[in-house]
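Visitor: I have a model to go through with you. Could we begin with one helix and then move on to its surroundings?

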Amino acid sequence: MNTTDQGIVIREYRGAFEVETPDGALLCTLRSKLHKVFVYPESENRRQVVESVRRLTAAAPVVIGDHVRIARFPDGTGTIEEVMPRLSKLSRFAPGDRPVEQVILANADQIVLVVAVRNPDPHLRFLDRLLIAAERGGLIPVICVNKTDLLKSALPDITAIYERTGYRVLRTSAHTGEGVETLKEILKDRISAIAGASGVGKTSLLNAVQEGLGLRVREVSHATGRGRHTTTYLAAHRLDQGGMVIDTPGLREFGLWELPAEELPALFPEMRPYLDGCRFHNCTHAHEPGCLVRQAVSDGLMAQDRYDSFVALWKELKVKQKFEG
Ligand SMILES: Nc1nc2c(ncn2[C@@H]2O[C@H](COP(=O)(O)OP(=O)(O)OP(=O)(O)O)[C@@H](O)[C@H]2O)c(=O)[nH]1
Ligand SMILES: [Mg+2]
Ligand SMILES: [Zn+2]
């Protein structure tokens with residue numbers, strides 16, 4: 001082992017990680033002790049220990065975007081010795097029934113959340129979950145409404161709904177180039193991720209932003225109207241103009257990881273100004289009289305769709321809390 005230095009994990013290949021360093025990229029394996037990082041030794045009761053071990057088996061100790069300390073070998077490979085604390089993360093309840101947090105990516109400044117106007121049809125409740133996960137994980141969301149060329153009449157209200165959130169909303173078409181310059185500016189000199197359902201055009205947008213990137217894209221299935229999960233792994237790409245963007249595989253489900261229902265209102269930015277002014281100090285904003293949030297909805301300051309989404313999620317989280325005791 002020669003020198004140790006730091007880098008960013010930009011790709012994963014079957015258990016090995018490509019790490020970008022100031023001296024170029026190298027392939028690293030994971031030092032075995034790192035596999036133990038995710039066992040929480042403080043748990044004394046047996047059930048918790050078992051739980052920790054189950055978590056260990058499903059949570060990846062290193063994800064794309066992680067800042068790591070590596071040791072180099074003379075043959076040009078290395079090992080990841082240590083993962084630095086994450087500045088931000090996108091995580092979800094891991095698919096399957098084990099109660100595990102799955103961190104999808106780390107350390108991005110912002111996340112571009114893409115929906116298509118059609119083909120596949122937009123699923124706004126799903127977008128709202130992603131927005132919440134981004135807020136919680138310390139990522140600035142940018143909403144990108146793509147495939148505007150497929151819309152014969154005016155854009156449906158997606159833009160109108162989300163403009164009231166205060167989030168930046170962008171209309172793009174990877175085909176006509178609409179909005180691509182703006183997206184390019186947004187990505188410049190920042191670490192970004194791009195996410196959304198399969199087939200919405202994430203990879204196509206990146207190809208449009210950077211000439212010669214040449215990432216694989218594939219048309220949406222005629223039979224199901226859904227994307228075909230063309231991007232199958234996460235990878236970070238450097239942009240010539242400066243900045244880096246992590247392309248992600250299309251997301252299918254997005255369970256919110258250990259979110260207490262009480263924390264939900266503050267994760268809707270357009271609700272925040274009203275949260276302390278309701279008639280009841282413990283107002284849930286779901287049905288109470290004298291609720292300023294509901295007033296904001298009737299005054300048109302918050303979109304009805306977003307409010308409905310809030311109430312549906314709030315109920316879901318409440319049921320979960322009851323169930324988990
Ligand atoms: N009409 C139109 N089609 C687009 C646009 N952007 C992407 N597409 C098409 O949509 C299909 C899916 O594009 P991809 O870029 O592979 O989508 P993706 O979001 O990366 O999908 P996954 O990798 O499966 O998650 C391809 O046939 C693209 O050519 C657009 O702005 N307008
Ligand atoms: Mg893709
Ligand atoms: Zn209220």
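Visitor: What covers the buried residues of α2?
Guide: The cover includes β6 (89-93), β8 (110-116), β9 (140-146), β11 (191-196) and α7 (304-324). Helices (H or I, at least four residues) and strands (E, at least two) are DSSP runs numbered from the N terminus, and two residues are in contact if their C-beta atoms, placed from the backbone, lie within 7 Å. This is a predicted model, in which local features need pLDDT of at least 70 and side-chain atom pairs count only at pLDDT 80 or more, while totals for chains, interfaces and linings use all residues. Residues are numbered from 1 along each chain as its sequence is written, and chains are lettered from A and ligands numbered from 1 in the order in which they are written.

Visitor: Which residues of α2 are buried?
Guide: They are Leu127, Asp128, Arg129, Leu130, Leu131, Ile132, Ala133, Ala134 and Gly137. Buried means that 20 or more other C-beta atoms, placed from the backbone, lie within 10 Å of the residue's own (exposed is 12 or fewer, partly exposed in between).

Visitor: And how do α2 and α7 cross?
Guide: Their axes come within 10 Å and cross at roughly 70 degrees. That makes α2 roughly perpendicular to α7, a term for angles of 65 to 115 degrees. Axes are lines fitted to C-alpha atoms, for helices over the stretch in contact, with angles from 0 to 180 degrees between N-to-C directions.

Visitor: Which residues make that contact?
Guide: Leu124, Arg125 and Asp128 contribute from α2, and Asp305, Arg306, Ser309 and Ala312 from α7.

Visitor: What comes just after α2?
Guide: Glycine 138 is found there, with a positive phi of about 80 degrees.

Visitor: Changing topic, where is cysteine 144?
Guide: Cysteine 144 belongs to strand β9. It counts as buried because it has 25 C-beta neighbours inside 10 Å. Leaving aside residues up to four places away in sequence, cysteine 144 touches Val112, Leu113, Val114, Leu170, Thr172 and Leu183.

Visitor: Where does proline 122 lie?
Guide: Proline 122 is in the loop between β8 and α2. With 20 other C-beta atoms within 10 Å, proline 122 is buried.

Visitor: Finally, which residues come nearest to ligand 1?
Guide: Of the 25 residues around ligand 1, the nearest are Gly201, Thr203, Val217, Thr231 and Gly250; a residue is near if its C-beta atom, placed from the backbone, lies within 6 Å. Helix α5 (residues 202-209) gives the most to this shell, with 3 residues.

Key
Angles under 35 degrees count as roughly parallel, over 145 as roughly antiparallel, 65 to 115 as roughly perpendicular and the rest as oblique.
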